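Here are my notes on the chain, set out as numbered points for reading beside the coordinates. I begin with one loop and then turn to the strands and the chain as a whole.

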Amino acid sequence: MADKPVNEIIVLCEGYSRDADDGGEVMLANCTCTLIKGPDCNVIVDTMTPWDGDLLLRRK
């Protein structure tokens with residue numbers, strides 16, 4: 001029996017959540033963006049914000 005192909009999981013950008021000011025009334029946050037590379041296809045999970053496109057394109 002042949003070995004099954006293995007998926008690879010790569011964190012492209014790590015998410016965060018932090019106070020934007022000292023008062024704690026404003027938060028800055030972004031999600032973690034993850035690439036799943038499979039034998040037949042690749043999937044990006046949670047593609048971040050519309051303003052993060054360049055960040056993903058620069059990621060190697």
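1. Asp46 sits in the loop that runs between strand 5 and helix 1, and its backbone deserves a careful look, since Asp46 is not a glycine and yet has a positive phi of about 60°. For comparison, most residues other than glycine have a negative phi. With a relative accessibility of 43%, Asp46 is classed as partly exposed, because the class runs between the 20% limit for buried and the 50% limit for exposed. Please keep in mind throughout that this is a predicted model, and that every value in these notes is computed from it.

2. Met48 belongs to the loop between strand 5 and helix 1 as well, and here too phi is positive in a residue other than glycine, with a value near 70°. Is Met48 buried or exposed? Its relative accessibility is 14%, so Met48 counts as buried, given that the cut-off for that class is under 20%.

3. On confidence, the chain has an average pLDDT of 87, and 95% of the residues reach a score of at least 70. Within the chain, the highest confidence belongs to strand 4 (residues 33–37), at 94, whereas the lowest is found in helix 1 (residues 53–58), where the mean is 82.

4. The chain contains one helix and five strands, which follow one another along the sequence in the pattern β-β-β-β-β-α. Its radius of gyration is 16 Å, whereas the globule rule gives 10 Å for 60 residues, and the chain is therefore more spread out than a compact globule. The C-alpha trace spans about 60 × 20 × 15 Å along its principal axes. Of the 60 residues in the chain, 15% are buried, and the chain exposes about 5,200 Å², with carbon and sulfur atoms supplying 53% of that area. As for contacts between residues at least 6 apart in sequence, 29% of them join residues at least 24 apart.

5. How are the three strands of the open sheet ordered? The order is 1-4-5, and the pairing is antiparallel. Strand 1 (8–13) and strand 5 (42–45) are the edge strands, each of them pairing on one side only. From one strand to the next, the twist averages 20°.

6. The pairings within this sheet can be followed strand by strand. Strand 1 and strand 4 run antiparallel to each other and pair over five bridges, while strand 4 and strand 5, also antiparallel, pair over four bridges. A hairpin of four residues makes the connection from strand 4 to strand 5. Leu35 offers a convenient place to read across the sheet, for Ile10 stands opposite Leu35 in strand 4, and Leu35 in turn stands opposite Ile44 in strand 5.

7. Thr34 is also placed in strand 4, and its bridge partner in strand 5 is Val45. Which residues does Thr34 touch, leaving aside those up to four places away in sequence? They are Ile9, Ile10, Val11 and Leu12, together with Val43, Ile44 and Val45. The relative accessible area of Thr34 is 17%, so Thr34 is buried. In a regular strand, side chains alternate between the two faces of the sheet, a point worth remembering when inspecting neighbouring positions.

8. Strand 2 (residues 16–19) includes Tyr16, which at 35% relative accessibility counts as partly exposed. Once residues up to four places away in sequence are set aside, Tyr16 touches Leu28, Ala29 and Asn30. Tyr16 and Cys31 are 15 residues apart in sequence, and their C-alpha atoms lie 6.6 Å apart in space.

9. Arg18 is likewise found in strand 2, and at 44% relative accessibility Arg18 is counted as partly exposed. Its contacts, again without residues up to four places away in sequence, are with Val26, Met27 and Leu28. Between Arg18 and Asn30, which are twelve residues apart along the chain, the C-alpha separation is 9.7 Å.

Note on methods:
Residues numbered from 1 in each chain as written. Predicted model: local features only at pLDDT ≥ 70, side-chain atom pairs only at ≥ 80, totals over all residues. Heavy atoms only, no water. Helix = DSSP H or I, 4+ residues; strand = E, 2+ residues; numbered from the N terminus. Buried < 20%, exposed > 50% of the residue type's maximum accessible area, 1.4 Å probe, protein only. Contact = heavy atoms within 4.5 Å. pLDDT = per-residue confidence, 0-100. Pairing = 2+ DSSP bridges. Axes fitted to C-alpha atoms, helices over the stretch in contact; angles between N-to-C directions. Rg over C-alpha atoms; globule rule 2.2 N^0.38 Å. Areas by Shrake-Rupley, 256 points an atom, 1.4 Å probe, with all protein chains shown as cover.
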